[in-house]
Structures are given as C-alpha cells and as structure tokens.
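New to this one? Here is an informal tour of a protein and its ligand, with some stops at cysteines and buried residues along the way.

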Amino acid sequence: MPPMTHPQHEGRPVRVLFVCLGNICRSPSAEALFRHYVASQGASEDYEIDSAGLIAHHQGELPDGRMRAHAARRGYTLDSRSRPITYEDFFHFDYIIGMDEANRTRLLELAPTEEAAGKVSLLPEWCAESPRDHVPDPYYGGAEGFEHVLDLLELCLPSLYEKTRPT
Ligand code: 4NP
C-alpha cells in the first residue's frame, strides 16, 4: 500500500478518483471496472467513484471507441464523459489514483496542499501481484494495449477494494 495518511471517511462513502492523461482510455475504464467490482461485492453504497483527465482536450467526449469495444467484450459499459481534474477534486476525494509516473508528477504539481498531495498514488502500487508499475497508455498503439489495460485493471482493482473498503 502506498505511503499515505488514512483518510477520515467514517459515515460517508469512500471517494475514489481515477486519473489519466486524456480521461478517455485508462481512467474511465478504471472507473467503470471498479464500480462493477464494488457492486459485485454488494458495496455500491460505500463508494463514490469518478475519473478525470490531466488535459481538457477530450472534454465532454465518451471514452475512446477502441477502449469501449474492448471493455464491452468483457461485459463492461464505459459511458462516462471526459472532464479535466479540478482544484476541488483535490479536497473532495480521499484517493486520487493515477496510471503512470507522468500522471503522478502532474498531479503532485497540481495538488494545492500537502494533504492533497498525500492522496496521490498509482494504481499498481495497490497490487502486490501487478506485473507492471504503471498502466501503459494504449492510445497510440494496437489492440493488445487495450487488452493489457483491462488485464491490469481486473488484477489491481480488487486489491484496491480490499485496502480501501470501510471496515
Ligand atoms: P488516456 O489515453 O490518458 O488513457 O485517456 C490518452 C488519451 C488521449 C491522449 C493521450 C492519451 N491524447 O493525446 O489526446
């Protein structure tokens, strides 16, 4: 588990924000798959789950069609709309979870307070079994990149749940 202070969220849902560069491939997939997994555990009421990007270039768009198609084949519907991360997000969310080191660097630059910076982690840090220390950007590659994203998410998100769920 990444070094961070344990958030105070007794009595309300745990707030998780997934972040990537464009918010059209990795982080909307993480959002949808984590929501799906949390529901399978009967814990939907215990979580608030969202995603955001570090650039506004795709603002308002549905996730990338390739990402949606690969996810749909595994039974996941990606229907969020891209939005850039906001100043308020750093106060609202308990966990701000990036996909790669470039995401982390930018999140730490944007974090308005030390406490907010302490909320930032990368998804594979939550998962001892992860074969990768980051979730690679599939945007400029082929089909295998999208499958790899989904493989990593399916492996790591249950660990994130186990380590963040309210006790
Ligand atoms: P994502 O993938 O960060 O996983 O959503 C990308 C999406 C768009 C771009 C880069 C990566 N882009 O350069 O527009």
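What follows looks at the ligand's surroundings, then the cysteines, then two buried residues. Keep in mind that this is a predicted model.

**Around the ligand**

Let's start with the ligand's neighbours. Part of the shell comes from a run of the chain: Cys20, Leu21, Gly22, Asn23, Ile24, Cys25 and Arg26 are among the residues around the ligand. The others named there are His58, Asp137, Tyr139 and Tyr140. Sorted by character, the shell has six nonpolar residues, three polar ones and two charged ones.

Some of these neighbours place a polar atom by an oxygen atom of the ligand. Here they are side by side:

| Residue | Atom facing a ligand oxygen | Distance |
|---|---|---|
| Leu21 | backbone N or O | 3.0 Å |
| Gly22 | polar backbone atom | 2.9 Å |
| Tyr140 | side-chain N or O | 3.3 Å |

How much of the ligand does the protein bury? Taken alone, the ligand exposes 350 Å², and the protein buries 93% of that.

**The cysteines**

Now for the sulfurs. How many disulfides does the structure hold? The count is zero. Cys20, one of the ligand's neighbours, is in no disulfide, and its nearest cysteine sulfur, in Cys25, sits 6.9 Å away. Cys20 counts as buried because its relative accessibility is 2%, under the 20% cut-off.

Why do Cys127 and Cys156 not form a bond? Their sulfurs are 3.5 Å apart, which is too far, because a disulfide needs the two sulfur atoms within 2.5 Å. For Cys127, Cys156 holds the closest cysteine sulfur. Cys127 is another buried residue, with 4% relative accessibility.

**Two buried residues that touch**

Next, a look at Asn103, which lies in helix α4, spanning residues 101-110. Is Asn103 buried or exposed? Its relative accessibility is 2%, so Asn103 counts as buried. Leaving aside neighbours within four places in sequence, Asn103 is in contact with Val19, Cys20, Leu21, Arg26, Leu54 and Gly98. Cys20, Leu21 and Arg26 also appear among the residues around the ligand.

Leu54 sits in the loop between β2 (47-53) and α2 (65-73). Leu54 is buried too, with a relative accessible area of 15%. Not counting residues up to four places away in sequence, Leu54 touches Val19, Cys20, Leu21, Ile85, Asn103, Arg106, Leu107 and Leu110. Leu54 and Leu110 are 56 residues apart along the chain, and their C-alpha atoms are separated by 9.6 Å.

Definitions and conventions. Residues numbered from 1 in each chain as written. Predicted model: local features only at pLDDT ≥ 70, side-chain atom pairs only at ≥ 80, totals over all residues. Heavy atoms only, no water. Near = heavy atom within 4 Å. Polar contact = N/O pair within 3.5 Å; in protein donor to acceptor, adjacent residues only side chain to side chain. Areas by Shrake-Rupley, 256 points an atom, 1.4 Å probe, with all protein chains shown as cover. Nonpolar A, V, L, I, M, F, W, Y, C, P; charged D, E, K, R; others polar. Buried < 20%, exposed > 50% of the residue type's maximum accessible area, 1.4 Å probe, protein only. Helix = DSSP H or I, 4+ residues; strand = E, 2+ residues; numbered from the N terminus. Contact = heavy atoms within 4.5 Å.
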